[in-house]
Each structure stands twice: as structure tokens, then as C-alpha cells.
Amino acid sequence: MSDAKPYDAVLLLSFGGPEGPDDVMPFLENVTRGRGIPRERLEDVAEHYLHFGGKSPINDQNKELLAALRGELDARGLADLPLLWGNRNWEPYVTDVLREAHEGGVRRVLTVFTSAYSSYSSCRQYREDLAEALGTLAEEGRGLEVDKIRHYFNHPAFADVNAAAVAEAVAQLPEGARVVFVTHSIPDAMNDVSGPPAAGGGAYVRQHLDVAAEVARRASERVGRELSWDLAYCSRSGPPTQPWLEPDVNDHLRALHADGVPGVVVAPVGFVSDHMEVKFDLDTEAAETAGEIGLPFARAATVGATAQFVAGLVDLVQERAAQARGEDPELPVAGGLGPSHTVCPVDCCRNLRAPRPAATGEDWQAPVPAGS
Ligand SMILES: CC1=C(CCC(=O)O)c2cc3nc(cc4[nH]c(cc5[nH]c(cc1n2)c(C)c5CCC(=O)O)c(CCC(=O)O)c4C)C(CCC(=O)O)=C3C
Ligand SMILES: [Fe+2]
């Protein structure tokens, strides 16, 4: 299957991040426009970026992932398939990237998000921003069709690479160390409406619990003992009056220490690479918390651009292409939830603030290009 037909390009769609100190505030304004984030929180987060020279790690990590994806596509006979990279919140902006691709003859694009789970922030917001880009391009007379791969939180490659990372971190700690899986906190209300409405909401937490159990099971096999684990959250923002998913990872480390747990592996399964949340909220802040209370601490690696994860992503691209051709490919999964949809049902991960059209959904109507 050395073919990606009917797609004529793959787009890696990511969050984006600042490249230097002058970019930090404009980037944060892009991210938080209309999201009701308090000014103090923005100033705090600006400090996190400035602590690292005003440069987010995310862009270089995406470049590394792109190079690895390119290599894997080439190795599978897909050297002619263009691989694009665009962001929602910073350059290269997805609209500009798709415009240029259209100029080069690209009409049908398969998208891979750098985010593995369902929720407004981790899926629908990407779809809304894609829809906006497609709208802008249609006004310029450019027609493009876009699909996406299924969520990959429960792809075997994602589970396996995370399990290897957890096992490696466990080996650095005393016997009896606990695994604390960490993901980005979101408002409770956002979790409540995450995933397809027919599944009753709560998909964000459900998916993380499923991955955590599966990664812990695979890591336990690797280390030869039963690992106990919890799920905790980082990077809460929003006003204090609004409930967000808890426990916060720092509070949780203190609680585990008080219970006599002899060490913790912090495993950021909610992130595909070492984003600022990982570098600051975990490697800086949570590590400091652990240091203060004298709790041995090891951070498991994120999947990043590991060969096995990259191969899994290309499998997902080929699988989605086969589906688009009307074939019935195998859909490998890990854990207990089964393969997720590729075309989002109506109101999947509903936007609770200001609903906007979202691409790659059942109710998406591609805008008609001007002049056609
Ligand atoms: C679930 C989730 C992911 C994972 C899925 C995915 O990967 O997309 C994620 C990723 C990311 N979030 C990032 C950065 C930020 N997120 C913010 C704000 C928020 N994130 C939220 C959720 C998520 N965010 C939410 C509910 C808010 C509150 C505002 C709102 O309701 O929309 C803010 C504003 C300041 C603040 O409030 O903290 C910033 C700067 C970066 C870049 C990091 C880098 O530079 O390495 C990345 C990858
Ligand atoms: Fe975020």
C-alpha cells in the first residue's frame, strides 16, 4: 500500500509557539482571544516562556517530527507525497500553508493534529481553525477538502512508546515507586461535553484513564512487577471560581509523599512532545515540589519523534486513505475503548463559548470557492 490516494498532501497541524521574547505577548493574545483568561495568568505564562528565552520548544519539536515523518513516508514509497506543517496560533499559520499548497496544485489534504485526545481544546478548536482557514481560502477562490486521521491516544504505537518510557523512568527509582500520568487540565464543563454526544460526554477523562491503564499494564510487563498509577493534571488556567480537572500534579505529589510512596514517575501522556507545559509545569515546577518534600522523581519521556510512534502515525495516514477509497482496513487499537471516529459527529466536543463551524465533521459543508 504505497499510496495515499485520494489525498495529495499530509498536513501536520499544531498549536504553534513563540520564537523569541518579542513574540511572547502577541502569541498569548492569539491563544487567549475570547477565552476569558485572567490577565495575571497571562503574565505568569509569559514568565514561563521568558524563563526559556521567550522561545517555545514546540516548533523545533515539530520540525524534528516532520523530518522523521518525511523519512518514514519516503521509506514506504510515498516520497512524492507533500508533507506540510501549519499552526493555529503562530507562524507558519495554517491558512498561509494551505494557500501555498493550493498554489502548488494540492486539493485534498489529510490532517494529523499534534494532539491525541478528544475535547474542545484538543480537537474541536483545531477543526474550527481549519474551517476558518478554508473559509478564507474559499473567498480567494481556492477550494480545498480536508479530512483527519482518527484520535491516536489508543493506537498501539502510542501506548507502546509511552510504556517503554515509563519502564525506563521506573528503573531509576526505588522499588514501589508510583506512576503519575499527567495531562493538561481543562474546565470540568469542557470535559463534560467532550467526545460524541451519543457517548454521553466525558471522553477526555475516559480516554486518558484508558491510555493510563494500558500504558501501566504494558510498562508493568516490561519491568516485571505490577505498577500502581494515578492520573493528575497540570497547567490549570482560567478564573479560580471555575472548576477544572483535579488533582493538580503538585498537590498530588504531596499527597503521595504523605502516604509514604517512595518515589514517583511523572508520565506526561497528555502531550506528544516536551511542550512548555512539560518543560515548565513538570520539569521545573513539579520537580521542585518533589525536591522540596524529598520525593524521588523521574519524568518519563514523551513520544516525540521516536521511530515507532512515527511509523504509527504513517500507518494511520495510510489507514485513513484506505477508508477514503472505500476500503475496510484493519484498525489496530490498544486499551478498551475501540477505534475512534474520523468524521466527528454533530456537536462532538461542543464549543461552550461561541460555536463556530468546524471542518472534518458530519455537518461540515465545504465553502464554495469564489468565482466557481
Ligand atoms: C487540552 C489542552 C492541550 C493539549 C492538546 C494540544 O496539544 O493541543 C493544550 C495544549 C497546548 N497549550 C499551549 C499553550 C497555551 N494554552 C493556553 C490555554 C489553555 N489550554 C487549554 C487546554 C489545552 N492546551 C485550555 C483549556 C486553556 C485555557 C483557555 C481556553 O479555554 O482555551 C495558554 C494561555 C495561557 C494559559 O491559560 O495557560 C497557552 C499559552 C501549548 C503550546 C505549548 C508550547 O509552547 O510548548 C500547547 C501544545
Ligand atoms: Fe493550552
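The following dialogue discusses the helices, sheets and domains of a predicted model.

Biologist: How is the model numbered, and which pLDDT is needed for local features?

Modeller: Residues are numbered from 1 along each chain as its sequence is written, while chains are lettered from A and ligands numbered from 1 in the order in which they are written. This is a predicted model in which totals for chains, interfaces and linings use all residues, side-chain atom pairs count only at pLDDT 80 or more, and local features need pLDDT of at least 70.

Biologist: Into which domains is the protein divided, and what distance separates their centres?

Modeller: Domain bounds come from an automatic or database domain assignment. The division gives domain 1 (9–152 + 306–324) and domain 2 (156–299). Taken over C-alpha atoms, the centres of domain 1 and domain 2 are separated by 24 Å.

Biologist: How many residues does each domain give to the contact, and which elements of domain 1 give two or more?

Modeller: Two residues are in contact if their C-beta atoms, placed from the backbone, lie within 7 Å. By that rule, 25 residues come from domain 1 and 23 residues from domain 2. On the side of domain 1 that touches domain 2, the elements giving two or more residues are helix H2 (39–51), helix H3 (58–75), H5 and H11.

Biologist: Into which classes do the residues on that side of domain 1 divide?

Modeller: Ala, Val, Leu, Ile, Met, Phe, Trp, Tyr, Cys and Pro count as nonpolar, Asp, Glu, Lys and Arg as charged, and the others, Gly among them, as polar. On the side of domain 1 that touches domain 2, the residues divide into twelve nonpolar, twelve polar and one charged.

Biologist: In what order do the strands of the sheet that contains E1 lie, and which are the edge strands?

Modeller: Helices (H or I, at least four residues) and strands (E, at least two) are DSSP runs, numbered from the N terminus. Two strands pair if DSSP finds at least two bridges between them. Four strands form this open sheet with parallel pairing, in the order E2-E1-E3-E4. Pairing on one side only, the edge strands are strand E2 (83–87) and strand E4 (145–148).

Biologist: What is the bridge partner of Thr111 in E4?

Modeller: Strand E3 (residues 108–113) pairs with E4 in the parallel sense, over four bridges. Within E4, the partner of Thr111 is Lys148.

Biologist: At what angle does helix H11 run to E3?

Modeller: Axes are lines fitted to C-alpha atoms, for helices over the stretch in contact, and angles run from 0 to 180 degrees between N-to-C directions. Helix H11 (residues 307–324) lies across E1, E3 and E4. Its angle to E3 is about 140°.

Biologist: Why are H4 and H5 described as oblique to each other?

Modeller: Angles under 35 degrees count as roughly parallel, over 145 as roughly antiparallel, 65 to 115 as roughly perpendicular and the rest as oblique. The axes of helix H4 (residues 94–103) and helix H5 (residues 120–139) come within 9 Å and cross at roughly 50°. H4 and H5 are therefore oblique.

Biologist: Is the crossing of H6 and H8 left-handed or right-handed?

Modeller: A crossing is left-handed if the near helix is turned anticlockwise from the far one by less than a right angle, and right-handed if clockwise. The axes of helix H6 (residues 156–170) and helix H8 (residues 203–223) come within 8 Å, crossing at roughly 55°. The crossing of H6 and H8 is right-handed.

Biologist: Which residue classes make up the contact of H6 with H8?

Modeller: Among the residues of H6 in this contact are Ala159, Asp160 and Asn162, and H8 gives residues including Val211, Glu214 and Arg218. By class, the contact of H6 with H8 has ten nonpolar, one polar and four charged.

Biologist: Which strands stand at the edges of the sheet with the order E6-E5-E7-E8?

Modeller: This open sheet has four strands with parallel pairing. Two of its strands each have a single partner strand, so one side of each is left without a neighbour in the sheet. These are strand E6 (229–234) and strand E8 (297–299).

Biologist: Which residue in E6 stands opposite His184?

Modeller: Strand E5 (residues 178–184) and E6 pair in the parallel sense, with six bridges. Opposite His184 in E6 stands Cys234.

Biologist: Where is the cis peptide bond that has omega near -5°?

Modeller: Pro92 lies in the loop between E2 and H4. The cis bond with omega near -5° runs from Glu91 to Pro92.
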